[in-house]
Every structure is written in C-alpha cells, then in structure tokens.
Amino acid sequence: MLIKKSGSLEGKIASSEITPKDAFFNRRNFLRGAVAVGVGALALKQVLGLIHPEPVHADQQLVVVPSKYTVPDAQTPFAKATTYNNYYEFGTDKSDPAKNAHTLRTRPWTVQVSGMVKKPQTLDINTIMKYRPIESRVYRHRCVEAWSMVIPWDGYSFSEFISAMEPLPSAKYVQFISDSKNSDMPDKPGGFDWPYSEGLRMDEAMNPLCLLTFGCYSEVLPNQNGAPIRIVSPWKYGFKNGKSIVKIVFTDKQPHTLWNEMAANEYGFYSNVNPRVDHPRWSQSHERRIDSSPFPKTIPTLMFNGYGDQVASMYAGMDLKKYY
Ligand code: MTE
C-alpha cells in the first residue's frame, strides 16, 4: 500500500519530540530501567498489583511519559484487563478474545484517513505512534453491561492526530472503522454488520480526554484489547471505543455505528455514562468494579464516569435522556 510522505505526520513532528525508532519497543531500555529502579521498588509495584504475574508482552514495552490524567481508584490488574474483554470479532464470551485474538496480525498495519479532510492519506502505524510522546493515563473504563475497570492506557490525545489531518470546517463527526479481514478474524460471529464501526461528534473527538491508544500498562496493546490502535473516550460506555482501527473518516453526517444500528433503543450514538438513564433491560445506577479484589464490589456509577468537569459543557442544554 502506498504510504504518502508529503503532508504526512512525519513532517509535522518536532525532532525533539520524536522517540528514536530503536527506543520505541526496546526491551533493553525497560530492563535498564528496571535495574535502576531496583528490587525494592519492583517489590512495591508487585504489592500494588502493577506487575502482572507473567509478562506476556515483555518484548513489547512502550516508552511512555507520565501524565496528569489519573484517578484515585485502585487499578485493575493486567491479568484481568486482558482476559475479560469484549471483542466480538473473536467471540462473544468474555474469555474468547484472549484465547482467539492471536490470529490478528498487527504488522504491517495502516490507517486510511478519508472524507472531509484536507489531506486524505494512508499512514503506517509506526508513523502514527511516533507522532507525539505516548502518555500513560489512568482512566475509569465503564462498560454498558454495568461492569467497570481502571486501566492505565498509553497513547496521546486524538485531537493531536485530528489536527494534523486538517479536517475541513464542514466535518462535524469522525467515524472509526475496525479491521474485519476474514484472514485475521476467521470465526467472526454472524448476525453483526461487520466491520465494527463507531464515531464521535467532532468536539467530543477533539476533547483532550479522548485518547488515541496504542498500549496499556506500558506495553503495546494485547490483541484482545484492540491492537495496534484503538480509541478510549472514558466518559462514554466502552462500546464507543472501537478497537484495531483501520479507517478514520471525517463526515458531516452522524456516522453509522454498529451497535446503534443493531438496537438504537439500547445503544445511543452518544452513550455518555449516565446513572440516571437506564439501559432498557438493566439499571445503569451502579457498576461492578473489577479490580484486584477477588470479590468485585458494586459501586455507584458517576455521571460522565466522573469526568463531568472536563466534558459536561459539550452537552450543555442537551436533553441527555433523548440523546442517550
Ligand atoms: N471494538 C471492536 N472492534 N469490537 C468489539 O466487539 N467491543 C466494545 C469496545 N470496542 C468491541 C470494540 C466494547 S462493548 C467494550 S466494553 C470495549 O471495547 C471493551 O474494551 P476492553 O476489552 O479493552 O475492556
């Protein structure tokens, strides 16, 4: 596939911000860091549940920088966040994606950018990942099914990517479309309008919280979590966060989204976390928090998943029952 050079992200990166290529997935870097940190700190990390028992992606450490984005809640252990997943292309049981997603080939990988944008282009994933420093951001992750996790995601604001693409003023929405190749996903269940597709209003996509995500727990995303590139919009139900994205389309019309078109009365286009608007088949007032405890606690769900300060103004004056 043709990867355009002129007008690509490469030209827009200040050299001071580029992570040297060989430092990007550099296990030696990680090991050097680990030695410097010392055994005491590692033990502390283990106590805090920050290190999973088996580093399944030990060769794929990401170089990440800390960020201001965090929450006081206890983090979900890596082993739970990567074995209890929704990724229907690999099966509908929560344990299926971890078992089956090894068939997804994440290199070479390109993302096609099209629609109402000054520079339609196809970008290589490595170019996209190098564009900005990758931040670690600990976000609450609330599924529409009323369970939640707290995950350290790694990425940079989607807004940085969008700005580099120079969308036209007419673009009001951005749609992201997931991979659906039969060769990678041979057992996709029937009855779904593949490929998985999601979208956001442009101001939502430009909100600094919205994360173009390449990793979690400072490792590249495991396939079952949406490798090599996904969206994380933490004030929305998890299904808004399309995984393994291959196309980004700027449009002036509210885009097709898989769940909204399958059952519009259950899965609204906005799908902001809202404890006052129940799913037709269950309450959204509480959630089962999956953390390091063997007995998940049920806790009250927060409006906008606790991110109201940063997102509520985007919905000022909107009837959130109507635009659920
Ligand atoms: N993206 C694709 N392509 N396919 C999916 O089935 N499931 C969504 C979302 N993104 C899904 C997807 C749902 S319902 C949720 S809750 C989150 O991914 C789950 O993300 P996680 O498995 O990393 O927790």
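**Close-up 1. Arg140 and its surroundings in strand β4.** In this predicted model, Arg140 sits in strand β4, which spans residues 135-142. Its relative accessibility is 11%, so Arg140 counts as buried. The cut-off for that label is under 20%. A polar atom of the Arg140 side chain lies 3.0 Å from the backbone oxygen of Asn305. Leaving aside residues up to four places away in sequence, Arg140 touches Val71, Pro72, Asp73, Met149, Val150, Pro234, Arg289, Leu302, Asn305, Gly306 and Tyr307. Asn305 therefore appears both as a touching residue and as the owner of that backbone oxygen, while Arg140 itself is buried.

**Close-up 2. The ligand and the residues around it.** The ligand has 17 residues around it. Tyr88, Glu89, His141, Arg230 and Lys243 come nearest. Backbone atoms also take part in the view. For Tyr88, a backbone N or O atom lies 2.8 Å from an oxygen atom of the ligand. For Asn241, a backbone N or O atom lies 2.9 Å from a nitrogen atom of the ligand. For Asn86, the distance from a backbone N or O atom to a ligand nitrogen atom is 3.3 Å. On its own, the ligand has 530 Å² of accessible area, and the protein covers 98% of this.

**Close-up 3. An open sheet of 5 strands.** Follow the strands in order: β3-β2-β11-β6-β7. The pairing is mixed. The edge strands are β3, residues 121-124, and β7, residues 197-201. Each of these edge strands pairs on one side only. Neighbouring strands of the sheet are turned against each other by 20° on average, direction ignored. Now look at β6, residues 173-178. Strands β6 and β7 run antiparallel, joined by 5 bridges. Ile177 has Ser197 of β7 as its bridge partner.

**Close-up 4. Helix α6 against the strands.** Helix α6 lies across β2, β3, β6 and β11. The angle between α6 and β11 is about 65°. The helix spans residues 158-165 and is mostly covered, with 6 of its 8 residues buried. Those buried residues are Phe158, Ser159, Phe161, Ile162, Ala164 and Met165. Just after the helix comes Glu166, with a positive phi of about 55°.

**Close-up 5. Thr127 in helix α5.** Helix α5 covers residues 125-130, and Thr127 lies within this stretch. With a relative accessible area of 8%, Thr127 is buried. Thr110 is 17 residues from Thr127 in sequence. In space, their C-alpha atoms are 9.5 Å apart.

**Close-up 6. Two cis peptide bonds, at Pro195 and Pro228.** The bond from Trp194 to Pro195 is cis, with omega near 5°. Pro195 belongs to the loop between β6 and β7. The bond from Ala227 to Pro228 is cis too, with omega near -5°. Pro228 is placed in the loop between β9, residues 219-220, and β10, residues 230-232.

**Close-up 7. Positive phi at Ser244 and Ser271.** Ser244 has a phi near 45°, a positive value in a residue other than glycine. Ser244 is in the loop between β10 and β11. At 0% relative accessibility, Ser244 counts as buried. Ser271 has a positive phi as well, near 50°. The loop that holds Ser271 runs between α8, residues 258-262, and β12, residues 286-289. Ser271 is buried, at a relative accessible area of 4%.

How values were computed. Residues numbered from 1 in each chain as written. Predicted model: local features only at pLDDT ≥ 70, side-chain atom pairs only at ≥ 80, totals over all residues. Heavy atoms only, no water. Helix = DSSP H or I, 4+ residues; strand = E, 2+ residues; numbered from the N terminus. Buried < 20%, exposed > 50% of the residue type's maximum accessible area, 1.4 Å probe, protein only. Polar contact = N/O pair within 3.5 Å; in protein donor to acceptor, adjacent residues only side chain to side chain. Contact = heavy atoms within 4.5 Å. Pairing = 2+ DSSP bridges. Axes fitted to C-alpha atoms, helices over the stretch in contact; angles between N-to-C directions. Near = heavy atom within 4 Å. Areas by Shrake-Rupley, 256 points an atom, 1.4 Å probe, with all protein chains shown as cover.
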